[in-house]
Amino acid sequence: MTQERADAARNRAKILAAAAELVADKGIEGLGMAEVAAASGVGVGTLYRRFGDRSGLAYALIDAKEREFQESFLSGPPPLGPGAPSGERVRAFLHGLVDRTFAQLDLLLMAETAAPFARFGGAYEAYHRHLSLLIADVNPAADAPFAADALLAPLAANLVIHRARRPADLKSGLDELLRGVLASPP
């Protein structure tokens, strides 16, 4: 992997700090490429070369929180991390993902709807793989990949916003779905 140049790393940090501040102040509408370039003191061309477009910039803003969340379920303390029974880990994962989704809901909406299959990129695949393994451990008879998709579907940013769900309501609904997914067939 190529090491990022020091000036490029500084520019990246300035851009992301300015973008985060604009989103905090003005919401997602404040995430215009020209506005971010002006606030960070870099040229618009630099911004486009670095991030491609608004959705690329949104993904970069999402990235730090995403890395933190993935670290917590891969190697953090139980029940989200290893060491707890798989059923408890699935529930903790889903509740953690609800919190993670609400923390950056507008940015996730933008990123997930940038292209027809944008939602199903790297983070979704990591979530899906993780859930599939845990579900299969609890209920070997389950179609774990299908169940993982079913449990992740209610967390699509556009559906969360469309249904105006609150975190507690979403967690409760996921708990109900989870009981069915993890139950062994009669």
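Helices here are DSSP runs of type H or I with at least four residues, numbered from the N terminus. On that basis proline 79 lies in the loop between H4 and H5. The structure is a predicted model. Its protein chain contains 10 helices and 0 strands, and two helix pairings, H7 with H8 and H5 with H7, are described below together with selected loop and helix residues.

**Overall architecture**

- Read from the N terminus, the elements of the protein chain follow the order α-α-α-α-α-α-α-α-α-α.
- Along the principal axes, the C-alpha atoms of the protein chain occupy a box of roughly 65 × 40 × 25 Å.
- Of the 186 residues in the protein chain, 44% are buried.
- The exposed surface of the protein chain comes to about 10100 Å², and carbon and sulfur atoms account for 57% of that area.
- When contacts between residues at least 6 apart in sequence are considered, 64% of them link residues at least 24 apart.

**Helix H7 against helix H8**

- Helix H7 spans residues 122-138 and helix H8 spans residues 144-152; their axes come within 8 Å and cross at roughly 125 degrees.
- Because that angle falls outside the parallel, perpendicular and antiparallel ranges, H7 is classed as oblique to H8.
- The contact draws on Tyr124, Tyr127, His128, Leu131, Ser132, Ile135 and Ala136 from H7, and on Ala144, Pro145, Ala147, Ala148, Asp149, Leu151 and Leu152 from H8.
- By class, the residues in the contact of H7 with H8 comprise 11 nonpolar, 2 polar and 1 charged.
- The crossing of H7 and H8 is right-handed.

**Helix H5 against helix H7**

- The axes of H5 and H7 come within 8 Å, with a crossing angle of roughly 155 degrees.
- Angles over 145 degrees count as roughly antiparallel, and H5 and H7 are therefore roughly antiparallel to each other.
- The crossing of H5 and H7 is left-handed.
- From H5, the contact involves Ser86, Gly87, Arg89, Val90, Phe93, Leu94, Leu97 and Arg100; from H7, it involves Tyr127, His130, Leu131, Leu134, Ile135, Asp137 and Val138.
- The contact of H5 with H7 consists of 9 nonpolar, 3 polar and 3 charged residues.
- Tyr127, Leu131 and Ile135 of H7 take part in the contact with H5 and also in the contact with H8.

**Histidine 95 in helix H5**

- Histidine 95 is situated in helix H5.
- With a relative accessible area of 16%, histidine 95 is buried.
- Apart from its neighbours within four places in sequence, histidine 95 is in contact with Lys171 and Asp175.

**The loop between helices H4 and H5**

- Proline 78 is located in the loop that joins helix H4 (54-75) to helix H5 (86-103).
- The peptide bond from proline 78 to proline 79 is cis, and its omega is near 10 degrees.
- Most peptide bonds are trans.
- Proline 78 counts as partly exposed because its relative accessibility is 48%.
- Proline 78 is in contact with Gly83 and Ala84, leaving aside neighbours within four places in sequence.
- The C-alpha atoms of proline 78 and glutamate 88 are separated by 8.8 Å, although the two residues are 10 residues apart along the chain.

**The loop between helices H9 and H10**

- Alanine 164 belongs to the loop between helix H9 (157-163) and helix H10 (167-182).
- Although it is not a glycine, alanine 164 has a positive phi of about 50 degrees.
- Most residues other than glycine have a negative phi.
- Alanine 164 counts as exposed, because its relative accessibility is 62%.

Definitions and conventions. Residues numbered from 1 in each chain as written. Predicted model: local features only at pLDDT ≥ 70, side-chain atom pairs only at ≥ 80, totals over all residues. Heavy atoms only, no water. Axes fitted to C-alpha atoms, helices over the stretch in contact; angles between N-to-C directions. Parallel < 35°, antiparallel > 145°, perpendicular 65-115°, else oblique. Left-handed = near helix turned anticlockwise from the far one by under 90°. Contact = heavy atoms within 4.5 Å. Nonpolar A, V, L, I, M, F, W, Y, C, P; charged D, E, K, R; others polar. Buried < 20%, exposed > 50% of the residue type's maximum accessible area, 1.4 Å probe, protein only. Areas by Shrake-Rupley, 256 points an atom, 1.4 Å probe, with all protein chains shown as cover.
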